[in-house]
Amino acid sequence: MGVEGRLTIGLERRADGSGHARIVSSRPVGMTRSFAGKSVEDVIRTVPLLFSVCGMAQGTAAVEAAEQALGHDVSMPVRRARRLLVLAETMREHLLRIAADGSRLLGIPTAPETTLQIMRTFDALRRAINPERRALEVGASLPCDLPLIDPAIEAARSVIEDIVTGEPIERFAARTDPDALSAWHGMCATAAQQLVDRVVVCGWTGSGCVETAFLPGVGGSALASRLLDGDDVEAFARRPTWGGAPRETTALSRESETPMVRAFAPNRRHGLLSRLMARIVEVVSVPERMVQIAKDTVPDDFPGADLSASSPKPGRGIACVEAARGRLVHAVEVEDDRIARYAILAPTEWNFHPEGVAARGLAVIASGGDSVREQAHLFVAALDPCVAYDLEVA
Amino acid sequence: MCLALPAEVVSLDAEKETAVVALGPVKKEISVALVDELRIGDYVLVHVGFALHKLSPEEAARTLDLIRDAGEDPHEEFAA
């Protein structure tokens, strides 16, 4: 088994017509055991290098958990830079996903020039936000001004218009009723429009439609204890539940109340289309959110900010970051500047829990007779696991 | 791919902006369009077929050590 593991998803239509989805994960959640005994500085510097898909989110969660454990205050420019880096990464991951899904429907791989365009846009943002690569260091100090951020945000806006909206973002944002959205995807000019249009034309808008329970805000003390204390911490990190049930944490859990998403979620039951629209709405919002954060008009948009009210005991730290695929949590216990315990709780473990939203939505798809495999691939992509998966349809 | 493995540049094609990178016996061709002034022997972080940025040899060694300490083989991971 490779160190990152993978998901195996099996779908079955039973004799009584019901569907069943079995999800088995080989993701090794105990990898953080190897952090024990190492210096805080070494681990925090290495974490963003270790995770490619969400290195900015992982690095931010790691450093903010460590800073809390060590009792460091974090300056406003540093918090701002970290939030901008995570947003830039969210933009990159959402655009790569949309481009890949649009290409999949055409039966071709993503055009290399599209991938390069996305990666260059992210790289320009990263350089503008964090030119010295110091924002993810413990106790970092950064200047207040970001002289290169405006052109980098404008470039991001342009790429989002190329790959997603096909029109100025402001015009797209005004399309809040179903007719206006229908006219939008009917243009079929961008990867996002082609993807949504195909889903609508094929009648898959409600594919995998189930009620879902989003992960609520969780107190830092309780969560740190759940991740660091007791004999079953790895079992919890492997199959997390909260309030006795699996929870969903995705772009949809952040965007479910926006009008464009609600338009496709009757009775707040979410199928394929509202999930795709949540990712689209979120990526389209990134440039304006970056402008607001760069101006300091949005002081803190992470749920981690809520954790200060119930901080874990001294020597412990916990940080929550809204990464592209959902909420990412790091918890750490420090003794004499060395890691005593460390835990990571990633969104893939919530969303692909054996009884979670992926399993329940895929069971609905498996109960249908036609195009189960294609719908299942789109549904899994809409939830976007951070590792590869195998899909078996019986 | 979730984990990023530092890979060593073993050959470069400046015109195509590509490189062949290696981790132990495993080699891959990647784009280096995002990284300036890359030279053979440098270490890079790879994501979706792109070198994201250069790493120092110390950063590369520290990352690989963490993976080995977790009881995993980074060569196998890179080949996946």
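Start with the pair α4 and α5 of chain A: α4(A) passes α5(A) in a left-handed crossing. To see it, select residues 112-129 for α4(A) and 149-165 for α5(A). This is a predicted model, so keep that in mind as you click around. The axes of the two helices sit 9 Å apart, and the packing angle is about 160°. Angles over 145 degrees count as roughly antiparallel, so that label goes to α4(A) relative to α5(A).

Now show side chains along the contact. On the α4(A) side, pick A:T114, A:Q117, A:I118, A:T121, A:A124, A:L125, A:A128 and A:I129. Facing them from α5(A) are A:I149, A:A152, A:A155, A:A156, A:V159 and A:I163. Colour this contact by residue class and you get 11 nonpolar, three polar and no charged residues.

Next stop: the open sheet in chain A. Its three strands come in the order β2-β1-β6, with mixed pairing. Select 19-25 for β2(A) and 389-393 for β6(A): these are the edge strands, each with a single partner, so one side of each has no neighbour in the sheet. From one strand to the next, the twist averages 15°. Add residues 7-13 for β1(A), which pairs with β6(A) in the parallel sense over five bridges. For one of the matched positions, click A:G10, whose bridge partner in β6(A) is A:E392.

Keep the sheet on screen and bring in two helices. Residues 357-367 are α15(A), which lies across β1 and β2 of chain A and runs at about 140° to β2(A). Residues 372-383 are α16(A), lying across β1 and β6 of chain A at about 150° to β6(A).

Then jump to α1(A), residues 40-50. How many of its 11 residues are buried? Nine are, so call the helix mostly covered, given that buried takes 20 or more other C-beta atoms within 10 Å. Select A:V40, A:V43, A:I44, A:R45, A:T46, A:V47, A:P48, A:L49 and A:L50 to light up the buried set. What do they pack against? From chain A, the partners are α2 (55-70), β4 (326-335) and β5 (338-345). From chain B, they are β4 (43-47), β5 (50-55) and α1 (57-69).

That leads over to chain B. The chain has two helices and five strands, and from the N terminus on they run β-β-β-β-β-α-α. Of its 80 residues, 38% count as buried.

Zoom in on β4(B) and β5(B), which run antiparallel and are joined by five bridges. Click B:Y43 and find its bridge partner in β5(B), B:L55. The two strands form a hairpin with two residues between them, and B:V48 in that turn has a positive phi of about 40°.

Two more backbone oddities round off the tour. Most residues other than glycine have a negative phi. B:E17 goes the other way, with a positive phi of about 55°, and can be found in the loop between β1 (6-13) and β2 (18-23) of chain B. B:E17 is partly exposed, with 16 other C-beta atoms within 10 Å. Last, select B:E37 in the loop between β3 (26-31) and β4 of chain B. Its phi is positive too, at about 50°. Is B:E37 buried or exposed? Exposed: B:E37 has 6 other C-beta atoms within 10 Å.

Methods
Residues are numbered from 1 along each chain as its sequence is written. Chains are lettered from A and ligands numbered from 1 in the order in which they are written. This is a predicted model: local features need pLDDT of at least 70, side-chain atom pairs count only at pLDDT 80 or more; totals for chains, interfaces and linings use all residues. Axes are lines fitted to C-alpha atoms, for helices over the stretch in contact, and angles run from 0 to 180 degrees between N-to-C directions. Helices (H or I, at least four residues) and strands (E, at least two) are DSSP runs, numbered from the N terminus. Angles under 35 degrees count as roughly parallel, over 145 as roughly antiparallel, 65 to 115 as roughly perpendicular and the rest as oblique. A crossing is left-handed if the near helix is turned anticlockwise from the far one by less than a right angle, and right-handed if clockwise. Two residues are in contact if their C-beta atoms, placed from the backbone, lie within 7 Å. Ala, Val, Leu, Ile, Met, Phe, Trp, Tyr, Cys and Pro count as nonpolar, Asp, Glu, Lys and Arg as charged, and the others, Gly among them, as polar. A residue is buried if 20 or more other C-beta atoms lie within 10 Å of its own, exposed if 12 or fewer, and partly exposed in between; C-beta atoms are placed from the backbone. Two strands pair if DSSP finds at least two bridges between them.
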